[in-house]
Amino acid sequence: MDGRQIQLTVVGVRLEVSSNQPVVMLRGAESGYEHLHVAIVIGTAEATAVSMALEERRPPRPMTHDLLAATLQDLAGGVAGIEIHLLDSSTYAAAMRLEDGRTLDARASDAVAVAVRLDGVPISMREDTLRAVAVTPGGPASSESGQRVEPPPGVSPEAHELAKKGPISAEEIREFQKFLDGAEPEDFDGSS
């Protein structure tokens, strides 16, 4: 991919308030970019996978992302890096660069879920894309002229507001896990 890649760290998983949709939060890891956050809407399975890996919880049997991470380690020598990019104004994708030189296309959520399972796998985004989609937590809600600042392209208003809250807490992760443990398929039908 063209353009300078900026390293990101996974901050955690949050729920969009209005929709109860999980969002993975990423933050710039390089000097001068730490204030930039990216909110990516993800599915509940991926949210659980990311949360469990961040909490270093291991299920009794491997989950799908555990299996994929182990397979990539065994068959390709591991993952050299994850590059997240936009497919359109609201859909993220990723290129998983493997140690053997091959690249796999993936959903951004799956790539992040694999990366957090493998120590030291860098996650990055092109600088121009990061600047276009990032939000700054605690930043002003309105411009200097007093007009409300709209979220960047590809970021929902809910994700924009969530990013301002800062890093996810261990308590929020526990509450989200409780929600997922008791959730039924109809809880996610989107008709509410």
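The following questions and answers concern the strands, helices and nonpolar core of a predicted model. Local features need pLDDT of at least 70 and side-chain atom pairs pLDDT 80 or more, while totals for chains, interfaces and linings use all residues. Residues are numbered from 1 along each chain as its sequence is written, and side-chain values use heavy atoms, without hydrogens and water.

Student: Which strands stand at the edges of the sheet?
Tutor: Strands are DSSP runs of E, at least two residues, numbered from the N terminus, and two of them pair if DSSP finds at least two bridges between them. The open sheet has mixed pairing and the order S3-S2-S1-S7-S4-S5-S6. Each edge strand has a single partner, so one side is left without a neighbour in the sheet; these strands are S3 (37-41) and S6 (103-107).

Student: Which residue in S2 stands opposite threonine 9?
Tutor: Strand S1 (residues 5-15) and strand S2 (residues 22-28) are antiparallel, with seven bridges. Opposite threonine 9 stands arginine 27.

Student: Which helix gives the largest share of the largest nonpolar core?
Tutor: Such a core is a set of buried (under 20% relative accessible area, 1.4 Å probe, protein chains only) Ala, Val, Leu, Ile, Met, Phe, Trp, Tyr and Cys residues joined through side-chain atoms within 4.5 Å. The core has 40 residues, and Ile40 is among those that touch the most other members. Six residues come from the helix (a DSSP run of H or I, at least four residues) with the largest share, H3 (residues 108-115).

Student: How many of the eleven residues of H1 are buried?
Tutor: Helix H1 covers residues 44-54 and is largely enclosed by the rest of the structure. Its buried residues include Glu46, Val50 and Met52. The number buried is eight.

Terms used: Buried means under 20% relative accessible area, exposed over 50%, partly exposed in between (1.4 Å probe, protein chains only).
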